[in-house]
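Biologist: Mind if I quiz you on the terms you use for this one? I'd like to see each label set against its definition.

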Amino acid sequence: MNLFINNIGQLVTVASYGKRVKTGSDMRELHMSSNAALLIQNGIITAIGKNGELAPPSDIDIIDAEGRVVLPGFVDSHTHTVFAGSRENEFAMRAEGKTYQQIAEAGGGILSTMRATREATKHDLYKFADRRLNDMMRSGTTTVEIKSGYGLSPDTEVKILEVISDLKRDHYATIVATFLGAHAFPPESKDDKQSYINRICDYMLPYIAEKKLATFVDIFCELGYFDLKATEQIILESKRHGLIPKLHADQLNAFGAVELGAKHKAISVDHLEKTNEHGITALKNSETIATVLPGCSLFLNHPYAPARSIIDAGIPLAIATDFNPGTQMCYSMQMMMTLACTQMKMTPEEAITASTLNGAAALGLSNEIGSIEIGKQADVVLYNVHDYKYIPYHYGVNHVWKVVKNGVLLDF
Ligand SMILES: [Zn+2]
(Lines give C-alpha, C1' and ligand atoms only; values in the text may rest on other atoms or scores of the structure.)
Protein backbone atom coordinates (compact mmCIF):
# COMPACT_ATOMS: atom_id res chain seq x y z
CA MET A 1 0.00 0.00 0.00
CA ASN A 2 3.05 2.29 0.22
CA LEU A 3 4.61 3.18 -3.09
CA PHE A 4 6.93 5.78 -4.54
CA ILE A 5 6.75 6.53 -8.26
CA ASN A 6 9.63 8.62 -9.55
CA ASN A 7 10.98 9.77 -12.87
CA ILE A 8 7.51 10.55 -14.26
CA GLY A 9 7.82 12.28 -17.65
CA GLN A 10 4.37 13.90 -17.48
CA LEU A 11 2.23 13.72 -14.36
CA VAL A 12 -1.26 14.66 -15.54
CA THR A 13 -3.10 15.39 -12.31
CA VAL A 14 -6.45 16.80 -13.59
CA ALA A 15 -6.49 18.60 -10.22
CA SER A 16 -9.78 20.31 -9.42
CA TYR A 17 -8.75 21.90 -6.09
CA GLY A 18 -11.93 20.87 -4.33
CA LYS A 19 -14.33 21.47 -7.19
CA ARG A 20 -16.82 18.64 -7.75
CA VAL A 21 -16.58 18.82 -11.52
CA LYS A 22 -14.84 20.82 -14.26
CA THR A 23 -16.69 22.91 -16.81
CA GLY A 24 -15.93 25.17 -19.78
CA SER A 25 -12.30 26.17 -20.32
CA ASP A 26 -11.38 24.54 -16.99
CA MET A 27 -11.81 21.17 -18.71
CA ARG A 28 -8.67 21.94 -20.75
CA GLU A 29 -6.58 22.64 -17.65
CA LEU A 30 -4.86 19.38 -16.73
CA HIS A 31 -2.43 20.80 -14.13
CA MET A 32 0.42 18.74 -15.47
CA SER A 33 3.95 18.62 -14.15
CA SER A 34 6.99 17.20 -15.87
CA ASN A 35 9.84 15.27 -14.27
CA ALA A 36 7.66 14.48 -11.26
CA ALA A 37 7.43 12.04 -8.37
CA LEU A 38 4.48 10.71 -6.39
CA LEU A 39 4.26 9.29 -2.89
CA ILE A 40 1.44 6.91 -1.96
CA GLN A 41 0.84 5.78 1.63
CA ASN A 42 -1.93 3.49 2.81
CA GLY A 43 -3.62 3.75 -0.56
CA ILE A 44 -3.75 7.55 -0.47
CA ILE A 45 -1.70 10.10 -2.41
CA THR A 46 0.33 11.89 0.27
CA ALA A 47 2.90 13.92 -1.68
CA ILE A 48 3.47 15.19 -5.21
CA GLY A 49 6.75 16.80 -6.12
CA LYS A 50 9.67 17.13 -8.48
CA ASN A 51 11.85 14.17 -9.18
CA GLY A 52 14.96 14.40 -7.02
CA GLU A 53 13.37 16.90 -4.63
CA LEU A 54 10.75 14.57 -3.18
CA ALA A 55 12.63 11.85 -1.32
CA PRO A 56 11.12 8.39 -0.74
CA PRO A 57 10.86 7.15 2.85
CA SER A 58 13.03 4.12 3.60
CA ASP A 59 11.64 0.62 3.04
CA ILE A 60 9.20 1.62 0.33
CA ASP A 61 8.54 -0.03 -3.03
CA ILE A 62 9.72 2.20 -5.86
CA ILE A 63 8.50 2.30 -9.45
CA ASP A 64 10.86 4.04 -11.87
CA ALA A 65 8.50 5.43 -14.52
CA GLU A 66 11.46 6.05 -16.85
CA GLY A 67 9.92 9.20 -18.27
CA ARG A 68 6.48 7.73 -18.94
CA VAL A 69 3.10 9.49 -18.65
CA VAL A 70 0.92 9.06 -15.54
CA LEU A 71 -2.82 9.78 -15.52
CA PRO A 72 -5.61 9.26 -12.98
CA GLY A 73 -7.42 5.93 -13.53
CA PHE A 74 -10.35 6.20 -15.89
CA VAL A 75 -13.84 6.29 -14.39
CA ASP A 76 -16.30 4.51 -16.67
CA SER A 77 -19.59 5.83 -15.32
CA HIS A 78 -21.95 3.93 -17.65
CA THR A 79 -21.66 0.20 -18.40
CA HIS A 80 -23.80 -2.91 -18.64
CA THR A 81 -20.98 -5.30 -17.71
CA VAL A 82 -22.99 -8.14 -16.10
CA PHE A 83 -24.66 -10.23 -18.81
CA ALA A 84 -24.59 -13.68 -20.40
CA GLY A 85 -24.43 -14.57 -24.08
CA SER A 86 -23.21 -12.48 -26.97
CA ARG A 87 -24.75 -11.00 -30.09
CA GLU A 88 -22.23 -11.37 -32.92
CA ASN A 89 -24.93 -12.82 -35.19
CA GLU A 90 -26.95 -9.65 -34.76
CA PHE A 91 -23.81 -7.64 -35.53
CA ALA A 92 -23.41 -9.58 -38.77
CA MET A 93 -27.10 -9.08 -39.65
CA ARG A 94 -26.72 -5.34 -39.13
CA ALA A 95 -23.69 -5.39 -41.42
CA GLU A 96 -25.89 -7.03 -44.06
CA GLY A 97 -28.34 -4.16 -43.73
CA LYS A 98 -31.04 -5.95 -41.69
CA THR A 99 -33.34 -3.63 -39.73
CA TYR A 100 -33.91 -3.55 -35.98
CA GLN A 101 -37.30 -5.19 -36.60
CA GLN A 102 -35.82 -8.02 -38.68
CA ILE A 103 -33.16 -8.62 -36.02
CA ALA A 104 -35.83 -8.72 -33.28
CA GLU A 105 -37.93 -11.17 -35.33
CA ALA A 106 -34.89 -13.42 -35.71
CA GLY A 107 -34.63 -13.56 -31.89
CA GLY A 108 -31.98 -10.84 -31.49
CA GLY A 109 -32.02 -7.57 -29.59
CA ILE A 110 -32.05 -6.89 -25.87
CA LEU A 111 -34.47 -9.75 -25.19
CA SER A 112 -31.90 -12.29 -26.41
CA THR A 113 -29.49 -11.02 -23.74
CA MET A 114 -32.35 -11.09 -21.25
CA ARG A 115 -33.04 -14.77 -22.01
CA ALA A 116 -29.36 -15.74 -21.69
CA THR A 117 -28.95 -13.71 -18.48
CA ARG A 118 -32.12 -15.12 -16.92
CA GLU A 119 -30.85 -18.65 -17.58
CA ALA A 120 -27.30 -18.03 -16.34
CA THR A 121 -26.26 -18.93 -12.81
CA LYS A 122 -24.88 -16.27 -10.48
CA HIS A 123 -21.58 -18.09 -10.60
CA ASP A 124 -21.40 -17.79 -14.40
CA LEU A 125 -22.49 -14.15 -14.44
CA TYR A 126 -19.80 -13.38 -11.86
CA LYS A 127 -17.13 -15.22 -13.85
CA PHE A 128 -17.97 -13.45 -17.14
CA ALA A 129 -18.06 -9.99 -15.53
CA ASP A 130 -14.90 -10.62 -13.49
CA ARG A 131 -12.99 -11.35 -16.69
CA ARG A 132 -14.36 -8.19 -18.36
CA LEU A 133 -13.43 -6.08 -15.33
CA ASN A 134 -9.86 -7.42 -15.45
CA ASP A 135 -9.61 -6.39 -19.09
CA MET A 136 -11.04 -2.96 -18.30
CA MET A 137 -8.42 -2.45 -15.60
CA ARG A 138 -5.67 -3.56 -17.98
CA SER A 139 -6.74 -0.73 -20.27
CA GLY A 140 -6.61 1.88 -17.53
CA THR A 141 -10.11 1.90 -16.00
CA THR A 142 -10.10 1.78 -12.21
CA THR A 143 -13.74 2.62 -11.42
CA VAL A 144 -16.74 1.05 -13.17
CA GLU A 145 -20.45 1.68 -12.83
CA ILE A 146 -22.45 -1.46 -13.62
CA LYS A 147 -26.17 -1.57 -14.32
CA SER A 148 -28.63 -4.40 -14.00
CA GLY A 149 -31.29 -4.45 -16.71
CA TYR A 150 -31.02 -7.82 -18.42
CA GLY A 151 -33.25 -9.65 -15.95
CA LEU A 152 -36.44 -7.59 -16.22
CA SER A 153 -38.15 -9.53 -13.46
CA PRO A 154 -37.82 -9.04 -9.69
CA ASP A 155 -35.81 -12.22 -9.12
CA THR A 156 -33.47 -11.87 -12.04
CA GLU A 157 -32.83 -8.15 -11.53
CA VAL A 158 -31.94 -8.91 -7.92
CA LYS A 159 -29.74 -11.78 -9.09
CA ILE A 160 -27.73 -9.37 -11.28
CA LEU A 161 -27.47 -6.78 -8.49
CA GLU A 162 -26.23 -9.46 -6.10
CA VAL A 163 -23.54 -10.42 -8.62
CA ILE A 164 -22.55 -6.74 -8.81
CA SER A 165 -22.38 -6.65 -4.98
CA ASP A 166 -20.14 -9.72 -4.93
CA LEU A 167 -17.85 -8.18 -7.55
CA LYS A 168 -17.79 -4.96 -5.53
CA ARG A 169 -16.62 -6.94 -2.50
CA ASP A 170 -14.00 -8.99 -4.36
CA HIS A 171 -12.65 -7.05 -7.29
CA TYR A 172 -9.83 -4.53 -7.27
CA ALA A 173 -11.91 -2.07 -9.29
CA THR A 174 -14.17 0.38 -7.50
CA ILE A 175 -17.64 -0.72 -8.56
CA VAL A 176 -20.85 1.28 -8.34
CA ALA A 177 -24.23 -0.44 -8.79
CA THR A 178 -27.18 0.95 -10.71
CA PHE A 179 -30.64 -0.62 -10.91
CA LEU A 180 -31.93 -0.51 -14.50
CA GLY A 181 -35.09 -2.57 -14.22
CA ALA A 182 -36.61 0.04 -16.53
CA HIS A 183 -34.37 -0.98 -19.46
CA ALA A 184 -37.10 -2.57 -21.57
CA PHE A 185 -40.45 -4.31 -21.03
CA PRO A 186 -40.20 -8.06 -20.50
CA PRO A 187 -42.22 -10.20 -22.96
CA GLU A 188 -44.65 -11.25 -20.20
CA SER A 189 -45.66 -7.57 -19.70
CA LYS A 190 -45.85 -6.67 -23.37
CA ASP A 191 -49.62 -6.15 -23.24
CA ASP A 192 -49.72 -4.52 -19.83
CA LYS A 193 -46.76 -2.20 -19.54
CA GLN A 194 -48.16 -0.39 -16.52
CA SER A 195 -48.09 -3.61 -14.51
CA TYR A 196 -44.32 -3.83 -15.02
CA ILE A 197 -43.85 -0.16 -14.06
CA ASN A 198 -45.88 -0.80 -10.92
CA ARG A 199 -43.80 -3.88 -10.11
CA ILE A 200 -40.66 -1.74 -10.33
CA CYS A 201 -42.14 0.95 -8.08
CA ASP A 202 -44.03 -1.16 -5.57
CA TYR A 203 -41.75 -4.15 -5.22
CA MET A 204 -38.29 -3.83 -6.78
CA LEU A 205 -37.33 -0.32 -5.64
CA PRO A 206 -38.22 -0.82 -1.94
CA TYR A 207 -36.43 -4.20 -1.86
CA ILE A 208 -33.30 -2.91 -3.60
CA ALA A 209 -33.15 0.14 -1.33
CA GLU A 210 -33.65 -1.96 1.80
CA LYS A 211 -30.95 -4.45 0.82
CA LYS A 212 -28.67 -1.62 -0.35
CA LEU A 213 -28.19 -3.32 -3.71
CA ALA A 214 -27.81 -0.10 -5.73
CA THR A 215 -26.79 3.53 -5.39
CA PHE A 216 -28.48 4.74 -8.56
CA VAL A 217 -31.63 4.02 -10.53
CA ASP A 218 -31.46 4.37 -14.31
CA ILE A 219 -34.36 4.47 -16.77
CA PHE A 220 -34.30 3.97 -20.55
CA CYS A 221 -36.45 7.00 -21.34
CA GLU A 222 -37.29 6.58 -25.03
CA LEU A 223 -40.29 6.44 -27.33
CA GLY A 224 -41.71 2.91 -27.29
CA TYR A 225 -39.92 2.16 -24.00
CA PHE A 226 -40.37 4.24 -20.85
CA ASP A 227 -42.19 7.48 -21.70
CA LEU A 228 -41.96 10.72 -19.72
CA LYS A 229 -44.85 9.80 -17.43
CA ALA A 230 -43.46 6.36 -16.54
CA THR A 231 -39.96 7.79 -16.16
CA GLU A 232 -41.19 10.49 -13.79
CA GLN A 233 -43.11 7.94 -11.72
CA ILE A 234 -39.98 5.78 -11.34
CA ILE A 235 -37.76 8.81 -10.58
CA LEU A 236 -40.08 10.03 -7.80
CA GLU A 237 -40.38 6.56 -6.30
CA SER A 238 -36.59 6.06 -6.43
CA LYS A 239 -35.99 9.31 -4.60
CA ARG A 240 -38.54 8.37 -1.96
CA HIS A 241 -36.35 5.33 -1.22
CA GLY A 242 -33.11 7.34 -1.14
CA LEU A 243 -31.92 6.13 -4.55
CA ILE A 244 -30.41 8.66 -6.96
CA PRO A 245 -31.85 8.90 -10.47
CA LYS A 246 -29.98 8.96 -13.78
CA LEU A 247 -31.33 8.51 -17.30
CA HIS A 248 -30.66 7.06 -20.73
CA ALA A 249 -31.88 10.16 -22.55
CA ASP A 250 -32.18 11.52 -26.11
CA GLN A 251 -30.46 8.52 -27.73
CA LEU A 252 -32.96 8.03 -30.55
CA ASN A 253 -35.43 10.90 -30.08
CA ALA A 254 -35.44 14.24 -28.26
CA PHE A 255 -38.82 14.50 -26.55
CA GLY A 256 -38.03 15.98 -23.16
CA ALA A 257 -36.03 13.26 -21.38
CA VAL A 258 -33.02 15.50 -20.71
CA GLU A 259 -35.30 18.26 -19.46
CA LEU A 260 -37.05 15.80 -17.14
CA GLY A 261 -33.71 14.57 -15.77
CA ALA A 262 -32.53 18.12 -15.13
CA LYS A 263 -35.82 19.01 -13.43
CA HIS A 264 -35.55 16.08 -11.02
CA LYS A 265 -31.82 16.59 -10.32
CA ALA A 266 -30.66 13.39 -12.02
CA ILE A 267 -26.96 12.96 -11.27
CA SER A 268 -26.41 12.49 -15.00
CA VAL A 269 -28.27 12.18 -18.27
CA ASP A 270 -26.51 9.80 -20.63
CA HIS A 271 -26.35 9.37 -24.45
CA LEU A 272 -27.65 12.75 -25.75
CA GLU A 273 -27.12 11.92 -29.43
CA LYS A 274 -30.30 13.84 -30.31
CA THR A 275 -30.11 16.56 -27.65
CA ASN A 276 -31.14 19.98 -28.99
CA GLU A 277 -31.08 23.53 -27.64
CA HIS A 278 -33.99 22.83 -25.25
CA GLY A 279 -32.01 20.06 -23.58
CA ILE A 280 -28.88 22.21 -23.44
CA THR A 281 -30.80 25.08 -21.84
CA ALA A 282 -32.29 22.74 -19.23
CA LEU A 283 -28.86 21.31 -18.38
CA LYS A 284 -27.33 24.79 -18.14
CA ASN A 285 -29.71 25.60 -15.32
CA SER A 286 -29.06 22.38 -13.41
CA GLU A 287 -26.36 20.42 -11.60
CA THR A 288 -26.88 17.39 -13.84
CA ILE A 289 -23.87 16.03 -15.71
CA ALA A 290 -24.07 15.32 -19.45
CA THR A 291 -22.51 11.91 -20.13
CA VAL A 292 -21.71 11.15 -23.75
CA LEU A 293 -21.14 7.63 -25.09
CA PRO A 294 -19.27 7.96 -28.40
CA GLY A 295 -18.65 4.20 -28.77
CA CYS A 296 -22.37 3.69 -29.27
CA SER A 297 -22.47 6.18 -32.14
CA LEU A 298 -19.50 4.46 -33.79
CA PHE A 299 -20.91 0.96 -33.42
CA LEU A 300 -24.44 1.83 -34.60
CA ASN A 301 -23.38 4.48 -37.12
CA HIS A 302 -25.57 7.01 -35.31
CA PRO A 303 -24.92 10.74 -34.94
CA TYR A 304 -22.60 11.80 -32.12
CA ALA A 305 -23.79 13.82 -29.12
CA PRO A 306 -23.22 17.58 -29.50
CA ALA A 307 -20.33 17.55 -27.02
CA ARG A 308 -18.82 20.80 -28.30
CA SER A 309 -22.06 22.77 -27.76
CA ILE A 310 -22.53 21.15 -24.34
CA ILE A 311 -19.02 22.08 -23.14
CA ASP A 312 -19.22 25.57 -24.64
CA ALA A 313 -22.49 26.12 -22.76
CA GLY A 314 -20.61 25.51 -19.50
CA ILE A 315 -22.30 22.18 -18.79
CA PRO A 316 -20.14 19.52 -17.10
CA LEU A 317 -19.50 16.68 -19.52
CA ALA A 318 -18.30 13.12 -18.87
CA ILE A 319 -17.36 10.33 -21.27
CA ALA A 320 -18.22 6.67 -20.67
CA THR A 321 -18.22 3.52 -22.78
CA ASP A 322 -21.80 2.19 -22.45
CA PHE A 323 -20.15 -1.24 -22.74
CA ASN A 324 -22.94 -3.73 -23.54
CA PRO A 325 -23.41 -6.83 -25.71
CA GLY A 326 -25.79 -5.31 -28.24
CA THR A 327 -24.77 -1.81 -29.19
CA GLN A 328 -21.27 -1.15 -27.84
CA MET A 329 -18.90 -4.05 -27.35
CA CYS A 330 -15.79 -2.04 -26.41
CA TYR A 331 -14.57 -1.14 -22.94
CA SER A 332 -11.50 0.86 -23.83
CA MET A 333 -11.71 4.39 -22.46
CA GLN A 334 -8.58 5.14 -24.53
CA MET A 335 -10.65 4.41 -27.63
CA MET A 336 -13.51 6.61 -26.34
CA MET A 337 -11.03 9.50 -26.02
CA THR A 338 -10.01 9.05 -29.66
CA LEU A 339 -13.67 9.18 -30.73
CA ALA A 340 -14.22 12.28 -28.57
CA CYS A 341 -11.33 14.04 -30.31
CA THR A 342 -12.02 12.88 -33.88
CA GLN A 343 -15.84 12.81 -33.93
CA MET A 344 -17.02 15.26 -31.27
CA LYS A 345 -14.49 18.08 -31.68
CA MET A 346 -13.14 17.74 -28.15
CA THR A 347 -9.50 18.40 -27.33
CA PRO A 348 -7.35 15.63 -25.78
CA GLU A 349 -7.33 17.65 -22.55
CA GLU A 350 -11.13 17.83 -22.45
CA ALA A 351 -11.35 14.11 -23.25
CA ILE A 352 -9.04 13.27 -20.32
CA THR A 353 -11.01 15.45 -17.88
CA ALA A 354 -14.29 13.96 -19.10
CA SER A 355 -12.95 10.41 -18.63
CA THR A 356 -11.55 10.92 -15.15
CA LEU A 357 -12.69 13.71 -12.82
CA ASN A 358 -16.03 14.38 -14.51
CA GLY A 359 -16.76 10.64 -14.72
CA ALA A 360 -16.12 10.44 -10.98
CA ALA A 361 -18.52 13.36 -10.44
CA ALA A 362 -21.15 11.51 -12.48
CA LEU A 363 -20.94 8.81 -9.79
CA GLY A 364 -20.81 11.25 -6.87
CA LEU A 365 -17.22 10.18 -6.13
CA SER A 366 -15.08 13.10 -7.27
CA ASN A 367 -14.06 13.95 -3.71
CA GLU A 368 -12.27 10.57 -3.52
CA ILE A 369 -11.17 9.68 -7.05
CA GLY A 370 -10.81 11.11 -10.56
CA SER A 371 -7.67 13.21 -10.10
CA ILE A 372 -4.17 12.88 -8.68
CA GLU A 373 -4.28 15.16 -5.64
CA ILE A 374 -3.07 14.88 -2.08
CA GLY A 375 -5.66 13.09 0.05
CA LYS A 376 -7.30 11.29 -2.83
CA GLN A 377 -7.36 7.53 -3.40
CA ALA A 378 -4.24 6.44 -5.30
CA ASP A 379 -5.77 5.22 -8.59
CA VAL A 380 -3.01 6.01 -11.06
CA VAL A 381 -2.11 4.52 -14.42
CA LEU A 382 1.29 4.59 -16.10
CA TYR A 383 1.35 4.66 -19.89
CA ASN A 384 4.04 3.57 -22.33
CA VAL A 385 3.99 6.96 -24.06
CA HIS A 386 6.04 10.16 -23.87
CA ASP A 387 3.11 12.60 -24.18
CA TYR A 388 -0.50 12.26 -23.00
CA LYS A 389 -1.76 13.41 -26.41
CA TYR A 390 -0.19 10.27 -27.90
CA ILE A 391 -2.85 8.11 -26.17
CA PRO A 392 -5.89 9.20 -28.24
CA TYR A 393 -3.67 9.79 -31.29
CA HIS A 394 -2.32 6.25 -31.68
CA TYR A 395 -5.65 4.49 -31.31
CA GLY A 396 -6.77 0.88 -31.24
CA VAL A 397 -3.88 -0.26 -29.06
CA ASN A 398 -3.58 -0.43 -25.30
CA HIS A 399 -0.88 1.97 -24.07
CA VAL A 400 -1.09 0.99 -20.40
CA TRP A 401 2.19 -0.04 -18.76
CA LYS A 402 1.19 -0.43 -15.11
CA VAL A 403 -1.95 0.15 -13.03
CA VAL A 404 -1.93 1.21 -9.39
CA LYS A 405 -5.34 0.81 -7.73
CA ASN A 406 -5.85 2.12 -4.22
CA GLY A 407 -2.09 2.19 -3.82
CA VAL A 408 -1.63 -1.43 -4.93
CA LEU A 409 0.43 -2.19 -8.02
CA LEU A 410 -1.69 -4.68 -9.95
CA ASP A 411 -0.07 -7.78 -11.29
CA PHE A 412 -1.64 -8.63 -14.66
ZN1 LIG B 1 -26.51 2.15 -21.60
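**Strands, core and domains**

Modeller: Let's start small: leucine 11 stands opposite serine 33 in E2. This is a predicted model, where local features need pLDDT of at least 70 and side-chain atom pairs count only at pLDDT 80 or more, while totals for chains, interfaces and linings use all residues. Residues are numbered from 1 along each chain as its sequence is written.

Biologist: What makes E1 and E2 a pair?

Modeller: Strands (E, at least two residues) are DSSP runs numbered from the N terminus, and two of them pair if DSSP finds at least two bridges between them. Strand E1 (residues 3-12) and strand E2 (residues 32-41) have 7 bridges, in the antiparallel sense, so they pair.

Biologist: And how do you know that E2 and E3 pair?

Modeller: By the bridges again: E2 and strand E3 (residues 44-50) share 6, also antiparallel. One of the partnerships is alanine 37 with glycine 49 in E3. Their hairpin has 2 residues between the strands, and asparagine 42 there takes a positive phi near 50°.

Biologist: Which residues does leucine 38 touch?

Modeller: Contact means C-beta atoms, placed from the backbone, within 7 Å. Leaving out residues up to four places away in sequence, leucine 38 touches Ile5, Ile8, Leu11, Ile45, Ile48 and Val380.

Biologist: Which domains feed the largest nonpolar core?

Modeller: That core has 129 residues, with Leu38, Val70 and Ala340 making the most contacts inside it. It draws at least three residues from each of domain 1 (3-72 + 372-409) and domain 2 (75-361); the bounds come from an automatic or database domain assignment.

Methods. Core = buried A, V, L, I, M, F, W, Y, C linked by C-beta atoms within 7 Å. Buried ≥ 20, exposed ≤ 12 C-beta atoms within 10 Å, placed from the backbone. Contact = placed C-beta atoms within 7 Å. Helix = DSSP H or I, 4+ residues; strand = E, 2+ residues; numbered from the N terminus.
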